Amino acid sequence: MVSWKGIIHHYRSYLPRVKEQNIVTLNEGNTPLIFSEDLTQRLGLEVYLKYEGLNPTGSFKDRGMTMAISQAKEKGARIVMCASTGNTSASAAAYTAKSGSMKCVVLIPEGNIALGKLAQAMIHQATVLAIKGNFDEALTLVRDITDNYPVEIVNSVNPFRIEGQKTAAFEVCDQLGDAPEFHAIPVGNAGNITAYWKGYCQYKEIGKSRQLPRMLGFQAAGAAPIVDNKIIEKPETIATAIRIGNPASWKSAIAARDESKGLIDKVTDDEILEAYQLLASHSGVFVEPASAASVAGILKLKMRGYFDQTPKAKIVCTLTGHGLKDPERAIKIIKQPLLVEANRKAILKKIGL
Ligand code: AN7
């Protein structure tokens, strides 16, 4: 296989055109689809993990960002801007750095962004503005400013973001040979569920896949506007990536749910943390808490008997971001290292040999 040059090169014929010289890429995409023996046993379904934490900046946002930043470059933009719970800002900062011609401004909710993401936005030299408000307020401000000044918005309300992100569904079909029966995914601003559904539909239409999955979306219980059917003014969850009370792609998420005959449900922080630890300890995959919402969700559906009629079906869970994004959360809930004298005897004693 020729070396992988990123999603725009690989899926060029299914994406809006960008001139070669304007493509800004970090060779994103081509992430592994990992078979989980453990979850397969627990669920009685064939479970695959689409590990998007292995993108260049550690989350799925890179797929949309290569498109959005390339398009901004093609338009001659000088400044791009986004609101973010962390991953979008990390990705936007990295891709603008790579562009060599643009500056990046990010608005983040003060005190509610994981440490790794903040480090990323800052080391790539974005202008990072922490606002005394939440993500939804930050996005309203960014929309206002980018509507009125010569600044490109690179949140997922930018349609090029969705175009790039839909390539994850193409990859799943290419890797499995067809779409799975079910696709589970965390839902925050609801861009990604929208993008996957678009990708699955497009691939089927052109004959690259034969079936469509049911889309299973999961919000955090304290930030579940779509499930509760109302704007949440003060969303709360330890999964800060999806601490969003008024998703921009609300309507298209509902369309994806209904057209696919799927569902959007909510999971508690405790359920998220349980799935987070289970993925790390039994599947060998370290994700950030928000990513574990998809696995928490399907474990809950299993208990309710949701999968009883579909034994052996395939299910893909998108694991949206890397665990190293939020090291503080991991350290908070695991056992501390054991302190031991620097000699053989002491070590053997500790490990029971
Ligand atoms: C790890 O970075 O909204 O439903 O500003 O970082 O498409 O919003 C992140 C969202 C899931 C939810 N998992 O995806 C941002 C931001 C992780 C995320 C989501 C996000 P969408």
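Helices and strands are here DSSP runs, of at least four residues for a helix and at least two for a strand, numbered from the N terminus. By that numbering, Gly177 sits just after helix H8 and takes a positive phi of about 90°. The model is a predicted one, and the description below starts from this helix and then turns to the sheet, the ligand and a polar contact in a loop.

**Helix H8 and its aromatic neighbours**

Seven of the 10 residues of H8 are buried, so the helix is largely enclosed by the rest of the structure. The buried residues of H8 are Thr167, Ala168, Ala169, Phe170, Glu171, Val172 and Cys173. Phe170 has a relative accessibility of 0% and therefore counts as buried, the cut-off being under 20%.

Phe170 also belongs to an aromatic cluster, which it forms together with Tyr11, Tyr14 and Tyr203. A search of the whole structure finds 11 aromatic pairs, and two that involve Phe170 are set out here.

| Aromatic pair | Distance between centres | Angle between planes | Arrangement |
|---|---|---|---|
| Tyr14 and Phe170 | 5.4 Å | 70° | edge-to-face |
| Phe170 and Tyr203 | 4.4 Å | 15° | stacked |

What do these two pairs tie together? Tyr14 lies in the loop between helix H1 (7-10) and strand S1 (33-35), whereas Phe170 lies in helix H8 (residues 167-176), so the edge-to-face pair ties together parts that are 156 residues apart in sequence. In the stacked pair, Phe170 of helix H8 meets Tyr203 of helix H9 (residues 191-205), so parts that are 33 residues apart in sequence are tied together. Tyr203 is buried, with a relative accessible area of 1%.

**The four-stranded sheet**

Four strands make up an open sheet in the order S5-S4-S3-S6, with parallel pairing. Its edge strands are S5 (127-131) and S6 (152-153), each of which pairs on one side only. Strands of a sheet pair through backbone hydrogen bonds, either parallel or antiparallel. Strand S3 (residues 79-83) and strand S4 (residues 103-109) pair in the parallel sense over five bridges, and Val80 has Cys104 in S4 as its bridge partner. Helix H4 (residues 87-99) lies across S3 and S4, and runs at about 170° to S4.

**Around the ligand**

Which residues come nearest to the ligand? Of the 23 residues around the ligand, these are Asn87, Gly188, Asn189, Ala190 and Thr320. Oxygen atoms of the ligand also lie at short listed distances from polar protein atoms: a polar side-chain atom of Ser84 is 3.0 Å from a ligand oxygen, a polar backbone atom of Thr85 is 2.8 Å from a ligand oxygen, and a backbone N or O atom of Asn192 is likewise 2.8 Å from a ligand oxygen.

**Asn22 in the loop between H1 and S1**

Asn22 is found in the loop between H1 and S1, the loop in which Tyr14 also lies. Is Asn22 buried or exposed? With a relative accessible area of 12%, Asn22 is buried. The side chain of Asn22 makes a polar contact of 3.0 Å with the side chain of Glu74. Leaving aside neighbours within four places in sequence, Asn22 is in contact with Ser70, Lys73 and Glu74.

Methods: Residues are numbered from 1 along each chain as its sequence is written. This is a predicted model: local features need pLDDT of at least 70, side-chain atom pairs count only at pLDDT 80 or more; totals for chains, interfaces and linings use all residues. Side-chain values use heavy atoms; hydrogens and water are left out. Two strands pair if DSSP finds at least two bridges between them. Contact means heavy atoms within 4.5 Å. Axes are lines fitted to C-alpha atoms, for helices over the stretch in contact, and angles run from 0 to 180 degrees between N-to-C directions. Rings of Phe, Tyr and Trp (its six-membered ring) pair if their centres lie within 6.5 Å; planes under 30 degrees apart count as stacked, over 60 as edge-to-face and the rest as tilted. Buried means under 20% relative accessible area, exposed over 50%, partly exposed in between (1.4 Å probe, protein chains only). A residue is near a molecule or strand if one of its heavy atoms lies within 4 Å of it. A polar contact is a pair of N or O atoms within 3.5 Å; within protein, one must be able to donate a hydrogen and the other to accept it, and residues adjacent in sequence count only if both atoms are side-chain atoms.
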